[in-house]
Amino acid sequence: MFKRPYRKLIYRNKVKILLVQIVNRNLGDQVIADNAAYLVRQALSRLTGRHYVIQRYDIQSEDYEMAKTADLMIFDGGGLIKYRQEEFHAYVPALVDCARDHGIPVFFNCVGVEGYDPDDPRCRRLADALNAPCVKGITVRDDLDTLRRYYLHTDQVFTAQATDPAVFTPQVYGIQKDIRSKTIGLGIVRSRIFEDYGLAQITREFQLEMWQGITKELEARGYAWQFFVNGLRSDYDFAREILVSMGRQSQAAVLLAPRPVESGELVGTIASYAGVIACRMHANIIAYALGIASIGLVWNDKMVFWGDRIGCPERFLKSTQFEPQTIVQCLEDSMSKGAPPCPQALKADIQKPLKKFIRQYGAPAWKQRRRIHLKKPADWSRRLVATALGGLHLRYTNMNARESLETAIGNGFCLFEADIRMTLDGRLVCVNGWSKGSYEKLGAFSSGEADVPFAVPAQLAGGLDSQTFLQCRLYGKYQTMDAAQLFDRIQQAGDGWKLILDIGRPKKETLAAMIQELRVLCAEGIDWEAHLYLRLQSKYDVETVQEAGLPVQVMYYIPPQTVREEKHLTLDAIGRFCKKRRIQWVSMPKEALDAQVMAYLKTQKLKSCLFSYNRYTDVLQAVEMGVDWIGTSYLSPGELHEWWETGYTIVVR
């Protein structure tokens, strides 16, 4: 007699891959991260791929509550095994310690190794981390011998030579080189980088003369040229300085490519050149991946290793060869030979070890149900607030931009905060004050040379007119908007949306004008009081807004303890004022959060909104302390939901 089949539900969490990346505005690191994410997705099989989720993680965030819930940890690449420059000798061991303590297998993908010194405690700390039992594999893009001979003291770690993951750039971005181009791209780096790496003779003055000589030599040979940078402000400022020293700053619109703010823009810029001479390593790697001949001006041995790896060592010139005619002749010779295509064997050296690691250690994690270390709130969309309408790419914040708002809505936010200010012609626009930072983001005024102090011209000190503001693009890319456009879009975000407006500390006459503008914006027939909040910092502002009868809820400001002490302001005084004015919400900066404040708010039955946290570690702490809403630029309800989502399989027996 046959038994009746039954269905068994096996619940489990998705396999969580923490992809550790370097986040800064040198977009070469972002290109590495994008390529590594592509390779990880490619490594997942079609059958089990839906059971994996990839979380991109800033190595400098120290967000260990997020990290310890991972099933696999992958360092995406870049110059991580180094200790003289930057702080990776601290960040890498801390993350490996977290992985070791929670049984998380670790893989280092195509990393750079930059020297070894047994007498340096930073180097020894890094070596100890690489020998941790949780480290299962390390592929190296350059100095594998130093890794094996000096760093590793165990044969349990798989090691192999690889190349840089950015060689997959054309597939990742869908960008190909412009075969019609006749322009040479000149990749500029900050003026002190050669001196910082021991090349004292390559001074700022030397480089100014060198680049001027290179451009003259290119023009003499019939080439057009253009300066470009990988995204760093210091690089861009030096490029502008070079143009000034040449007396050609008036031609900057043609001779200097716009500073890129997204990795795809950098790739697109390099793809537009017929040849490249560049100081940044990843400008050369991107050019190579696109099939464009490039010459590297070496300030770090990693570039020499790269040249050897691709079989073109002669294209990476050392400081003794920094003579304009030599550099340009080397470029011409390279262009005549063309850029050799990346061999499939080099690509396989990246793909195979990564795929083996994911499948070997991901499968056991997929079969078992891992424990969530800390319980999460039921609905992050009712907890997290998109600060200044949300940030972008783990790099850009406080923009109040259309793109960031659309991204926030797409990521599951229904709580939003925006900064609004009055323009010179009396319109409310979305901007975080008329300050140095705002003008720099808007591009309404630029400081020029890096060593020239920023000074706002008198005509800009009071703000911009609305037409000028709406023509600006944040970082040259992201669209600005006014309050009317914000109100129109936010109403399309679903029935549960709530919007918090920060109006700053306006003058009395400005506040009156802002109230009048808000009254017009809130004239439509919806229940604005259920959706709209104003963050106010003074008693006068609260009383004025309430007496004006605006259909909004007020959030009164609690300053940090040091400020309260300076102003002789007590929590009791704040509580009495809130009770008198029937205020239900307070807002506060993260510096004001402590047990005393939260205990007092609980006794007064006041709800709290905190600004701002970008680490899950801090968000959890704030939730446990009783904070109701938490502002954030980089976390999102959608991503956190996916990170903790439980999947299931139906087994028929």
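Me: In what follows, a residue counts as buried when its relative accessible area is under 20%. With that cut-off in hand, how many residues of strand β20 are buried?
Reply: This is a predicted model, and strand β20 covers residues 532-536. Leu 532, Leu 534 and Leu 536 point one way from the strand, while Tyr 533 and Arg 535 point the other way. Side chains in a regular strand alternate between the two faces of the sheet. Residues on either side of β20 are buried, and the count for the strand is 5 of 5.

Me: Which residue of β20 is the bridge partner of Ile 500?
Reply: Strand β19, made of residues 498-502, pairs with β20 in the parallel sense, and the pairing runs over 4 bridges. Within β20, the bridge partner of Ile 500 is Tyr 533.

Me: Turning to the whole chain, what is its radius of gyration?
Reply: The chain comes to 26 helices and 25 strands, and its C-alpha trace spans about 90 × 80 × 55 Å along the principal axes. Because a compact globule of 653 residues would have a radius of gyration near 26 Å, that figure serves as the yardstick, and the value for the chain agrees with it. The radius of gyration of the chain is 28 Å.

Me: What share of the chain's contacts with a separation of 6 or more joins residues 24 or more positions apart?
Reply: Of the 653 residues of the chain, 56% count as buried, while the chain exposes about 28400 Å², with carbon and sulfur atoms supplying 48% of that area. Among contacts with a separation of 6 or more, the share that comes from residues 24 or more positions apart is 71%.

Me: Which helix gives the most residues to the largest nonpolar core?
Reply: The largest nonpolar core holds 109 residues, and within it Phe 75 and Phe 416 touch the most other members. Leaving aside neighbours within four places in sequence, Phe 75 is in contact with residues including Val 92, Leu 95 and Val 96. Apart from this core lies another, of 88 residues, among them Met 281, Trp 306, Leu 317 and Leu 346. The helix that gives the most to the largest core, with 7 residues, is α3.

Me: Which strands lie at the edges of the open sheet that contains β9?
Reply: Five strands form this sheet with parallel pairing, in the order β10-β9-β11-β12-β13. An edge strand pairs on one side only, and this holds for the strands of residues 224-228 and 316-317. They are β10 and β13.

Me: What angle does the direction of helix α8 make with that of β9?
Reply: Strand β9, residues 183-187, pairs with β10 in the parallel sense over 5 bridges, and Gly 185 stands opposite Gln 226 in β10. Helix α8, residues 204-220, packs on the sheet and touches β9, β10, β11 and β12. Its direction makes with that of β9 an angle of about 170°.

Me: Is Arg 315 buried or exposed?
Reply: Arg 315 is found in the loop between α13 and β13. Not counting residues up to four places away in sequence, Arg 315 touches Ala 293, Ser 294, Ile 295 and Cys 330, among others. Because its relative accessible area is 6%, and the cut-off is under 20%, Arg 315 counts as buried.

Me: What is the relative accessible area of Ser 334, a residue that Arg 315 touches?
Reply: Ser 334 has its place in helix α14, residues 324-337. Leaving aside neighbours within four places in sequence, Ser 334 is in contact with Ala 293, Ile 295 and Arg 315. Ser 334 is buried, and its relative accessible area is 4%.

Me: Where does Ala 388 lie, given its positive phi?
Reply: Most residues other than glycine have a negative phi. Ala 388, however, has a phi near 50°, and Ala 388 is buried with a relative accessible area of 0%. Glu 86 also has a positive phi, of about 60°, but Glu 86 counts as partly exposed at 42% relative accessibility. Ala 388 lies in the loop between β14 and α16.

Me: What is omega for the cis peptide bond that joins Phe 611 and Ser 612?
Reply: Most peptide bonds are trans. The bond between Phe 611 and Ser 612 is cis, and Ser 612 has its place in the loop between β23 and α25. For this bond omega is about -15°.

Technical notes:
Residues are numbered from 1 along each chain as its sequence is written. This is a predicted model: local features need pLDDT of at least 70, side-chain atom pairs count only at pLDDT 80 or more; totals for chains, interfaces and linings use all residues. Side-chain values use heavy atoms; hydrogens and water are left out. Helices (H or I, at least four residues) and strands (E, at least two) are DSSP runs, numbered from the N terminus. Buried means under 20% relative accessible area, exposed over 50%, partly exposed in between (1.4 Å probe, protein chains only). Contact means heavy atoms within 4.5 Å. Two strands pair if DSSP finds at least two bridges between them. Axes are lines fitted to C-alpha atoms, for helices over the stretch in contact, and angles run from 0 to 180 degrees between N-to-C directions. The radius of gyration is taken over C-alpha atoms; the globule rule is 2.2 Å times the number of residues to the power 0.38. Accessible areas come from the Shrake-Rupley method with a 1.4 Å probe; for residues, only the protein chains shown count as cover. A nonpolar core is a set of buried Ala, Val, Leu, Ile, Met, Phe, Trp, Tyr and Cys residues joined through side-chain atoms within 4.5 Å.
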